Amino acid sequence: MTIPVNLTQVTEQPPRVRALRRALGSLSDTVSPAVDLLQPYVEGTENLPRDGRCLLVGNHTQGGMEVFLISHFVRRAIGTQVRPLAERGIGKIRGPFGDVAAAFGAVVGSPENALELMRRDQTILVFPGGGREIAKFKGEENTFNWRGRSGFARVAITGGYPIVPVGLVGSDEMYHSLISRDSRLGRLSLAASEMITGRADTPMPLMRGIGPTLVPRPQRMYLRFGIPVSTTKPAGVSDDDWVATVKQTTQTSLETTLSDLLKIRADDPYRALNPLAWRHAAHPATEQLPPEQQ
């Protein structure tokens with residue numbers, strides 16, 4: 001279905017939204033020291049194109065830290081605002097919540113809007129798995145499910161945008177899922193989701209944070225920006241074959257990233273943000289540490 005480009009949402013935002021965007025930028029600068037204090041493991045920012053022209057493709061988590069952290073470190077590295085492509089329901093949000101979403105850069109996730117952002121050289125973020133990746137059943141942590149979706153690859157090829165895979169580990173560990181998808185309670189959750197929302201792919205699995213509560217467990221975040229995937233089609237390759245190749249290359253890169261970050265996390269004594277292990281936290285091999293941390 002073709003969705004007409006909403007220029008007000010994409011670029012020509014009203015004064016109140018522009019003012020809120022500036023305030024959010026100032027807030028990001030203000031919380032930077034607190035973010036640094038938690039020492040998120042971040043690598044690969046050198047893979048971000050300096051002009052900001054790229055399509056970031058990531059994995060959703062049930063802790064919900066990915067959009068904030070990706071946007072925060074992209075802004076710090078190259079100074080551009082990330083424009084997340086969001087569920088189409090965001091276009092129906094009105095009032096203060098709609099203004100916040102617009103100020104943060106969120107745009108309805110359609111090919112038309114994505115291409116308009118590309119024409120304006122924006123930095124774009126997409127999660128091909130959509131909302132169904134957020135609520136995970138037991139055993140689905142640190143995975144993504146694109147279900148054959150390749151629209152992001154087709155749009156990137158059309159717009160001449162390189163793809164930067166970006167993976168986050170740690171946010172799924174903030175909550176512990178209690179039931180599996182194929183269990184009796186899991187099937188009941190899926191049925192209830194379909195009855196309430198009309199969709200059977202966005203359930204709310206039973207989960208807990210600290211103890212039996214929903215207070216999230218403190219966890220260190222592990223973020224990697226991968227090597228850009230070229231979308232320039234070679235001669236002699238059909239359009240459909242090239243879309244499939246770009247999609248598979250991106251998927252493989254993201255799978256490898258999550259696997260690597262999980263291994264790093266497993267050996268990191270600071271993974272649960274234990275202050276006693278702060279000085280021994282794992283760091284990227286290429287990272288230049290301050291003298292007091294070396």
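Let me start with Thr231, in the loop between β9 and α8. A reminder that this is a predicted model. Is Thr231 buried or exposed? Buried: its relative accessible area is 6%, and the cut-off for buried is under 20%. Who are the neighbours? Leaving out residues up to four places away in sequence, Thr231 touches Ala156, Ile157, Gly160, Tyr161, Pro162 and Ile163. Trp242 and Val246 are also on its contact list.

Now the sheet. There are 7 strands, and the sheet is open. The order reads β1-β9-β6-β2-β5-β3-β4, and the pairing is mixed. Which strands stand at the edges? They are β1, residues 41-43, and β4, residues 107-108. Each has a single partner strand, so one side of each has no neighbour in the sheet.

One pairing in detail. Strands β3, residues 82-86, and β5, residues 123-126, run parallel. They are joined by 3 bridges. Val82 has Thr123 of β5 as its bridge partner.

Next, the helices on the sheet. Helix α8 covers residues 239-266 and packs on the sheet. It touches β1, β2, β6 and β9, and its direction makes about 30 degrees with that of β6. Helix α3, residues 66-78, lies across β1, β2, β3, β5, β6 and β9. Against β9, α3 runs at about 55 degrees.

Helix α3 also meets α2, residues 15-37. Their axes come within 11 Å and cross at roughly 100 degrees. That makes α2 roughly perpendicular to α3. From α2, the contact uses Gly25, Ser28, Asp29, Val31, Ser32, Val35 and Asp36. From α3, it uses Phe68, His72, Phe73, Arg75 and Arg76. By class, that is 4 nonpolar, 4 polar and 4 charged residues.

Last topic: aromatics. How many aromatic pairs does a search of the whole structure find? The search gives 3. One of them is Tyr41 with Tyr222, tilted, at 5.8 Å centre to centre and 35 degrees between the planes. This pair links distant parts of the chain. Tyr41 sits in β1 and Tyr222 in β9, 181 residues apart. Both rings belong to buried residues: Tyr41 is at 5% relative accessibility, and Tyr222 is at 0%.

Phe144 and Trp146 form another tilted pair. Here the figures are 4.9 Å centre to centre and 40 degrees between the planes. Phe144 is buried at 15% relative accessible area, and Trp146 is buried at 3%. Ring pairs link these two residues and Phe152 into a cluster.

Methods:
Residues are numbered from 1 along each chain as its sequence is written. This is a predicted model: local features need pLDDT of at least 70, side-chain atom pairs count only at pLDDT 80 or more; totals for chains, interfaces and linings use all residues. Side-chain values use heavy atoms; hydrogens and water are left out. Two strands pair if DSSP finds at least two bridges between them. Helices (H or I, at least four residues) and strands (E, at least two) are DSSP runs, numbered from the N terminus. Contact means heavy atoms within 4.5 Å. Axes are lines fitted to C-alpha atoms, for helices over the stretch in contact, and angles run from 0 to 180 degrees between N-to-C directions. Angles under 35 degrees count as roughly parallel, over 145 as roughly antiparallel, 65 to 115 as roughly perpendicular and the rest as oblique. Ala, Val, Leu, Ile, Met, Phe, Trp, Tyr, Cys and Pro count as nonpolar, Asp, Glu, Lys and Arg as charged, and the others, Gly among them, as polar. Buried means under 20% relative accessible area, exposed over 50%, partly exposed in between (1.4 Å probe, protein chains only). Rings of Phe, Tyr and Trp (its six-membered ring) pair if their centres lie within 6.5 Å; planes under 30 degrees apart count as stacked, over 60 as edge-to-face and the rest as tilted.
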